[in-house]
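The following note is offered to a colleague who is meeting this structure for the first time. Its points are numbered so that each may be read beside the model.

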Amino acid sequence: MMELSSFVARKLEAQLDERMSSYRKLVSTNASIKADSAESDLETWIEQLLKQLQQVNSQMQAWVSSGGSEMVSHTLTRHQEILQDLTQEFYRLRSSLRAKQEHASLLEDFKEFDRSRLDLEEGGGSEQLALLKEHASISRSTGQMDSVISQAQATLGTLVFQRSTFGGINSKLSNMSSRLPTV
């Protein structure tokens, strides 16, 4: 039972590694404003593989809890660490991709604002032009607020990642101290 689960986990990890490689390439090259279907499909596929790997790890955890050997426990720990690393990397890459898309969107908005500003400067002093200037100013302010919000979300993601890392370190230290009490 455990060997089969371990085999399935390794197979899922290999598939995830392959998909993550494709996703890394996508993130490094993609700077478009909107997500395309290939990107969305790849993200969905990776999320499904991560869920499947989590389920396999849960099955192995149940088996280990019911009296598995120490070696099996080490194997499970390794699979859990791999899952955690892949999950964190996926969320980091997805956050980076979203930030790139938001950046490209802001640049596009700025270019549009710049064109509007030039059109206004070439015009006269009519009431419509004053309203257009006000609209452009509001659009610029909204874009700046969106930028600040995206920076805050990226910071939150980094803090969550750090929290999980420190939690993992704490559990590993506790595990080590229970195994080697003199250390």
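1. A residue is called buried here when its relative accessible area is under 20%, exposed when that area is over 50%, and partly exposed in between. With a relative accessible area of 1%, E39 falls under the 20% limit and is therefore buried. The reader should keep in mind that the model is a predicted one.

2. E39 has a charged partner. Its side chain forms a salt bridge with that of R98, with an N to O distance of 3.4 Å. The pair connects distant parts of the chain, since R98 belongs to helix α3 and E39 to helix α2 (residues 37-65), and 59 residues separate them. Whereas E39 is buried at 1%, R98 is partly exposed, with a relative accessibility of 31%. The pair also belongs to a wider arrangement: a network of salt bridges links E39, E43 and R98.

3. How many salt bridges does the count come to? The count comes to six. One of them joins the side chains of E89 and R24, with 2.5 Å from N to O. Because E89 lies in helix α3 and R24 in helix α1 (residues 2-29), this pair ties together parts that are 65 residues apart in sequence. E89 is buried, at a relative accessible area of 18%, while R24 is partly exposed, at 29%.

4. A further salt bridge stays inside a single helix. R78 and E81 form this bridge, and their closest N and O atoms are 3.6 Å apart. Both residues lie in helix α3, where three residues, about one turn of the helix, separate them. Are these two residues buried or partly exposed? R78 is partly exposed, with a relative accessible area of 45%, and E81 is likewise partly exposed, with 24%.

5. The aromatic residues deserve a separate point. A pair of aromatic rings is described by the distance of the centres and the angle of the planes. The structure holds two such pairs. In one of them, the ring centres of Y23 and F90 are 5.5 Å apart and the planes stand at 45°, so the pair is tilted. Y23 is in helix α1 and F90 in helix α3, and the pair links distant parts of the chain, 67 residues apart. Both residues of this pair, Y23 and F90, are buried.

6. The other pair consists of F90 and Y91. Their ring centres lie 5.6 Å apart and their planes are at 50°, so this pair is tilted as well. F90 is buried, with a relative accessibility of 0%, whereas Y91 is partly exposed, with a relative accessible area of 44%. Y23, F90 and Y91 together form one aromatic cluster.

7. Y23 also has a neighbour in another helix. L42, which lies in helix α2, has its C-alpha atom 7.1 Å from that of Y23, although the two residues are 19 residues apart along the chain. Which residues does L42 contact, leaving aside its neighbours within four places in sequence? They are R19, S22 and Y23. L42 itself counts as buried, because its relative accessibility is 15%.

8. Q88 is a polar residue to examine next, directly before E89 in the numbering. Q88 is placed in helix α3 (residues 70-122) and counts as buried, with a relative accessibility of 15%. Its side chain makes a polar contact of 2.8 Å with the side chain of S164. When residues up to four places away in sequence are not counted, Q88 touches F161, S164 and T165.

9. L107 offers a last position in helix α3. This residue is partly exposed, with a relative accessible area of 42%. The C-alpha atoms of L107 and G143 are separated by 9.5 Å, and the two residues are 36 residues apart along the chain.

10. In reading the model, a colleague may wish to begin with helix α3 and follow its links outward. From this helix, E89 reaches R24 in helix α1, F90 pairs with Y23, also in helix α1, and R98 is joined to E39 in helix α2.

Definitions and conventions
This is a predicted model: local features need pLDDT of at least 70, side-chain atom pairs count only at pLDDT 80 or more; totals for chains, interfaces and linings use all residues. Side-chain values use heavy atoms; hydrogens and water are left out. Helices (H or I, at least four residues) and strands (E, at least two) are DSSP runs, numbered from the N terminus. Buried means under 20% relative accessible area, exposed over 50%, partly exposed in between (1.4 Å probe, protein chains only). A polar contact is a pair of N or O atoms within 3.5 Å; within protein, one must be able to donate a hydrogen and the other to accept it, and residues adjacent in sequence count only if both atoms are side-chain atoms. Contact means heavy atoms within 4.5 Å. A salt bridge is a side-chain nitrogen of Lys or Arg within 4 Å of a carboxyl oxygen of Asp or Glu. Rings of Phe, Tyr and Trp (its six-membered ring) pair if their centres lie within 6.5 Å; planes under 30 degrees apart count as stacked, over 60 as edge-to-face and the rest as tilted.
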